[in-house]
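Subject: Structure for your review

Dear colleague,

Please find below the structure that I am handing over to you. My notes on what was found in it follow directly after.

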Amino acid sequence: MSVEQLEGTQERGPEPEPLLDFPLSRRGDVLPEECSWLREKAPVARVRTLTGDPAWLVSSYALAKQVLEDERFSLKDTANAGVPRQYALTIPPEVVNNMGNINSAGLRNAVMKALNPRQKGLQDFLRATAGELIEALVAEGGPADLRTGFADPFSAALHCQVLGVPFEDWRRLMSGLDVAFMTAREPFADSALNWYKDVGYFADAFKAQLARTAEERTGLLGKFAGLREADPESAHLTDEMFATVAVSLFGAGAVSTSAFLVLAVLALLQRPELIGYLREHPERMGAAVDELLRWNLSVGDGLPRLAMADVQVGDVLVKEGELVLVLLEGANFDPEAFERPDELDLERKSANAHLAFGAGRHFCPASALGRAHAEIALEVLVERLPDLRLAVPAENLVWRTGFIKRLPERLPVAWQ
Ligand code: HEM
């Protein structure tokens, strides 16, 4: 598709032809080439999704924010039967309304407390865990895979701690997400088996918390056990409902934190001077992580919304019932919103109002926890392994396909 062919595509004819297929490239280290021409020539572009359905891809900062903040664009309703889809559902449709379900079950306060990075002992636990994982890698010797040796277990450890399940189960929990977050053309039966396997696991973990004394209980499931016993408002909630909250939080958080961390580390490995900079300036880690969040391409699909009414978005009148996909890298690399967007500038001065955590009603409820997770991981990593480097050519990284995140299957590193 050439730029010339794109001219004049914004009028709403009878049924606009798709400009291109979505998703874009799966590489997480190179901004997809379509990004800037889409933003300039067709910031609300007709695309064809994996399922063959039409959708509007929104790629400028201003329009992305407009869609995310306008409640006439619904996330929950993207799970309805018969609507255009980005990919087949691999989780039960009602789970798409993740935070909405938590709110209506009266569990918002308990969940938000569990997601608070300043809760007692959590940051010390994370620092100690990061240190132990790195010691284990050093003992094994490099090259080693930083994803399975560090980013995955570190992210899983945070979630096991916050939810109240044993860390030793991290591998089986993470491997469930390999299936739950697949993007498939057609529904497949065993996605349900995968989901209910994890619901069963967390229901057993909830029962184990119930069997403990109040003092022995841990994490959000421990808190839920207390609510079951003492809070009449929660008495109607079944074990399965509590377990579903835990499965969906583990799912929403563990892949997001690990994929972001892997891509943030890769961006630093490709600019070794930045590792030295972060080592010398640990106090600037907060701003650096925000810039890495703006820069990161880990969200590989579009944030989906279903139009509940006819709404004008830029030059396009989006019709009720149509699917809109918000392209985060379109927004986060928009020169109208960020000076020199193509530069990874860890000292970026102006407020870094990126959309890496979304915007509006569905803004990530764990943004502070996500930031703390990455800050601690990077702080420990650059401190313990100052000579960290990519141990293979970047073009030899294997990028996962058919998954909601852009993710290298392995990130081989060395440090000696
Ligand atoms: C660096 C890490 C993270 C990133 C980049 C991230 C990104 C996002 C984004 C972009 C959204 C908005 C989705 C949308 O609008 O459709 C979101 C929502 C959400 N995130 Fe995160 N997230 C991160 C960490 C976490 C963690 C650690 C948890 C929980 C343990 C979590 C739980 C959720 C939940 C439950 C929602 C849905 C909110 C709603 O629908 O109202 N996230 N996240």
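Which residues come nearest to the ligand? In this predicted model, 21 residues lie around the ligand, and those that come nearest are Met 99, Arg 305, Ala 356, His 362 and Cys 364. Two of these residues place polar side-chain atoms beside ligand oxygens. For Arg 305, a side-chain N or O atom is 2.6 Å from an oxygen atom of the ligand. For His 362, the distance from a polar side-chain atom to an oxygen atom of the ligand is 2.8 Å. Three elements give two or more residues to the shell: helix α4 (98–104), helix α11 (239–269) and strand β6 (303–307). Of the shell, α11 supplies the largest share, with six residues. Sorted by class, the shell is made up of 12 nonpolar, seven polar and two charged residues.

The iron site

Which protein atom is a donor of the iron atom of the ligand? The SG atom of Cys 364 is the only protein donor, at a distance of 2.3 Å. Cys 364 is located in the loop that runs between α14 (328–332) and α15 (367–384). Its relative accessible area is 25%, so Cys 364 is classed as partly exposed, since buried residues must fall under 20%. Cys 35, in contrast, has a relative accessibility of 1% and therefore counts as buried. As for cysteine pairs, the number of disulfides in the model is zero.

Two residues in helices

Glu 291 belongs to helix α13, which spans residues 285–295. Is Glu 291 buried or exposed? With a relative accessible area of 0%, Glu 291 is buried. The side chain of Glu 291 forms a polar contact of 2.9 Å with the side chain of Arg 348. Apart from residues up to four places away in sequence, Glu 291 touches Glu 343, Leu 344, Asp 345, Leu 346, Arg 348 and Asn 352.

Asn 194 is part of helix α9, residues 190–210. The relative accessibility of Asn 194 is 12%, so this residue counts as buried. If residues up to four places away in sequence are set aside, Asn 194 touches Gly 176, Val 179 and Ala 180.

Two prolines in loops

Pro 166 sits in the loop between α7 (146–163) and α8 (170–180). Pro 166 counts as partly exposed because its relative accessibility is 39%, which lies between the limits of 20% and 50%. Beyond residues up to four places away in sequence, Pro 166 touches Cys 160 and Tyr 201. The C-alpha atom of Pro 166 is separated by 30 Å from that of Gly 402, and the two residues are 236 residues apart along the chain.

Pro 43 is found in a loop as well, between α2 (34–41) and β2 (44–48). Outside its neighbours within four places in sequence, Pro 43 is in contact with Leu 38, Leu 57, Val 58, Ser 59, Ser 60 and Leu 63. Between the C-alpha atoms of Pro 43 and Ser 256 the separation is 26 Å, for residues that are 213 residues apart along the chain.

To return to the ligand, Cys 364 is among the residues that come nearest, and its SG atom is the only protein donor of the iron atom.

With kind regards

How values were computed. Residues numbered from 1 in each chain as written. Predicted model: local features only at pLDDT ≥ 70, side-chain atom pairs only at ≥ 80, totals over all residues. Heavy atoms only, no water. Near = heavy atom within 4 Å. Polar contact = N/O pair within 3.5 Å; in protein donor to acceptor, adjacent residues only side chain to side chain. Helix = DSSP H or I, 4+ residues; strand = E, 2+ residues; numbered from the N terminus. Nonpolar A, V, L, I, M, F, W, Y, C, P; charged D, E, K, R; others polar. Disulfide = S-S within 2.5 Å. Buried < 20%, exposed > 50% of the residue type's maximum accessible area, 1.4 Å probe, protein only. Contact = heavy atoms within 4.5 Å. Donors = N, O, S within 2.8 Å, 3.2 Å for Na, K, Ca; no water.
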